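Hi there,

Here is the model I promised to pass on to you. My notes on the pairing of the chains, and on a few spots inside one of them, follow below.

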Number of protein chains: 2
Amino acid sequence: MKKVFKWAANVVMTVFLMGCPLGVWSQHKEVCIALHGGAGNISKEEITEAEQKAYCEKMEEALKAGHQVLTKGGSSVEAVETAIRVLEDSPLFNAGKGAVYTADGTIELDASVMCGKSLKAGAVAGVTNIRNPISAAVRVMTQTAHVMLIGKGAEAFAAAQKLDTVSQEYFYTEKRWQQYLNRKEKGEIITDDKQVVFGTVGVVAMDMEGNLAAGTSTGGMSYKKHGRVGDSPIIGAGTYADNRYGAVSCTGHGEFFIRNVVAYDIIALKAYKGWPVQKAARYVINDKLKKLNAEGGVICIDNKGRITAAFNTSAMFRGYINKKGEMKTEIF
Amino acid sequence: MKKVFKWAANVVMTVFLMGCPLGVWSQHKEVCIALHGGAGNISKEEITEAEQKAYCEKMEEALKAGHQVLTKGGSSVEAVETAIRVLEDSPLFNAGKGAVYTADGTIELDASVMCGKSLKAGAVAGVTNIRNPISAAVRVMTQTAHVMLIGKGAEAFAAAQKLDTVSQEYFYTEKRWQQYLNRKEKGEIITDDKQVVFGTVGVVAMDMEGNLAAGTSTGGMSYKKHGRVGDSPIIGAGTYADNRYGAVSCTGHGEFFIRNVVAYDIIALKAYKGWPVQKAARYVINDKLKKLNAEGGVICIDNKGRITAAFNTSAMFRGYINKKGEMKTEIF
């Protein structure tokens, strides 16, 4: 009997020792990531199959890039930055390359990031020459005592950090320029234009340590007034992350998202009412904002790594790789 | 007996009919207003009695100006704007005239306002030539579809609205310039400097209709990085108002106030946990922020017109005129 016990103890110890370096016993080895590429009212007929395929492929590329960071043991903040850079570098989305034009025919970009472990955050707004605003937001968070830098000050900081700077021509895309010219002819801001709302990008992620992060990047509202800032760079409105509750990134009609502090509101409903993040997200987007005719959506990961997408428009570009490693991208 | 009854009925009817036009029967004839002029760690020995008197007199002037708007039937937004303009025009406070200098030796101002009835809001950040940033924030709220305008775009808008514009020299005060030169010699940001935190101004008010409003205005952190924005112009962080719950204006170490979405957090605790605003404000300031070594304070008016001030520093310039018309100003 003693021999059997000793043998069993040895087996248990061997499995334990082999498992440790592989992270088998770690509480949070599972990682996950989710993203959105903007929400808007667009029907299946208004976007060709080839276009749908292009959007989904780019979202998959971003998801895989972020997921790889996570599976290699990188932080959720690094994963968020990596995935958003892929979307910023694509002309498909209204962030970085492919951003929409202001009423003055210029490009002004906003981005923010938040770390759910430290509750630290970084943001830039109204920047015109930073290739990847999300990286500038990360540097504000990690390299300064501040949360938000705007305009020329943010650009000087990004240059000092040796981030890629580009001319306004870099951001040019034929599609956005034609949208701008069309709108200029009409001479007004059309906030319900499909192409206006579509495009802000955001990523939420959970890393091996169970740490959450959220990030958002945008070119803002098409034909916006010079200097207009939406919810994307506003911590609490467009972006929020807290390890105890969840991580949230928003997209939609920014002014309503600011007034309703949407990202933090979802967190507060979980923190103070004990609602699951999924219920909170659906309530805020499909009830509270819907009643205000405020269009948009959110993606969330809660403190258990459960992924939620909620939107009150007909479509939201979105995708995820869940804890099981399953990948999915959707538009409608 | 019948005659006596008839006589009594006539008296009651006469009083009722006389009272109506005077608003005697209106549910919300009572008005109130509260303000802060910044919070910081300063002892009674560090500020002369003459200085204390000057601060209190200016706060009284602002309170009376805002209160007069309210008693004449003006809106809470008008009262907030009026009172903050008095503080912005005074060299005593770190807002408008008297603002602190950035590390570059320039002045960059931020302000925001929110209407608790409509949940509309307005904000400007990083503006350099607008005499009264709070008025620009009000115009953003009432004259545009946007919430936030920054930098040159905000300045162009203010000029188009015919708001007073001034040169940077207008903002010069000997005290602030000497603070700047001293700090420049040391070559660093000193966030715990008494004179750094002191000075942001904010006002909350309830008008005859029972509508709440909140506003905040600041020169930001002394010797801040060019382009740095704190919580004052961030809806949810530095300012929030919702008729159903309360109105809040914050002052303190802005980065912590942004990360903790302080103004909206107080509202959320009332909305989702049913806490009185006073309990919520004290919890957020004296417990949550205190644990993070985050210094600052808030003033609030709840949906019943009850006034609260909470601060975790040794002092906060503050004052109120309550529903009974009683005025009080305090520092320690």
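First, a convention on handedness: a crossing counts as left-handed if the near helix is turned anticlockwise from the far one by less than a right angle, and as right-handed if clockwise. This is a predicted model, where local features need pLDDT of at least 70, side-chain atom pairs count only at pLDDT 80 or more, and totals for chains, interfaces and linings use all residues. Residues are numbered from 1 along each chain as its sequence is written, chains are lettered from A and ligands numbered from 1 in the order in which they are written, and side-chain values use heavy atoms, with hydrogens and water left out.

**How the copies are related**

A turn of 180° with a shift of 0.0 Å along the axis lays chain A on chain B with an RMSD of 0.0 Å (least-squares superposition on the C-alpha atoms of residues with pLDDT of at least 70 in both). The two copies are thus related as by a two-fold rotation axis. Both copies use the same surface, since 100% of the contact residues of chain A recur in chain B; contact here means heavy atoms within 4.5 Å. Within chain A, the residue that comes closest to the rotation axis is Tyr272(A), at 2.9 Å (C-alpha).

**The interface**

Each side brings 40 residues to the contact. Together the chains bury about 3500 Å², 66% of it on carbon and sulfur atoms (accessible area, 1.4 Å probe, that two parts lose on being put together, summed over both). In chain A the most area is lost by His146(A), Arg259(A) and Tyr272(A), together 22% of what that side buries.

Tyr272(A) also belongs to the contact of α9(A) with α9(B), where Tyr264(A) and Leu269(A) are among the other residues. Helices are DSSP runs (H or I, at least four residues) and strands likewise (E, at least two), numbered from the N terminus. The two α9 axes (residues 262-273 in each chain) come within 10 Å and cross at roughly 45°; axes are lines fitted to C-alpha atoms, for helices over the stretch in contact, with angles from 0 to 180 degrees between N-to-C directions. That makes α9(A) oblique to α9(B) (under 35 degrees is roughly parallel, over 145 roughly antiparallel, 65 to 115 roughly perpendicular, the rest oblique). Their crossing is right-handed.

**Inside chain A**

Helices α2 (residues 49-71) and α3 (residues 76-88) have axes that come within 8 Å and cross at roughly 155°. α2(A) and α3(A) are therefore roughly antiparallel, and the crossing is right-handed. Among the residues that meet are Ala62(A) and Val69(A) in α2(A), and Ala79(A) and Val86(A) in α3(A).

Finally, Lys304(A) sits in the loop between β10 (296-302) and β11 (307-311). Leaving aside neighbours within four places in sequence, Lys304(A) is in contact with Met206(A) and Lys323(A).

Best wishes
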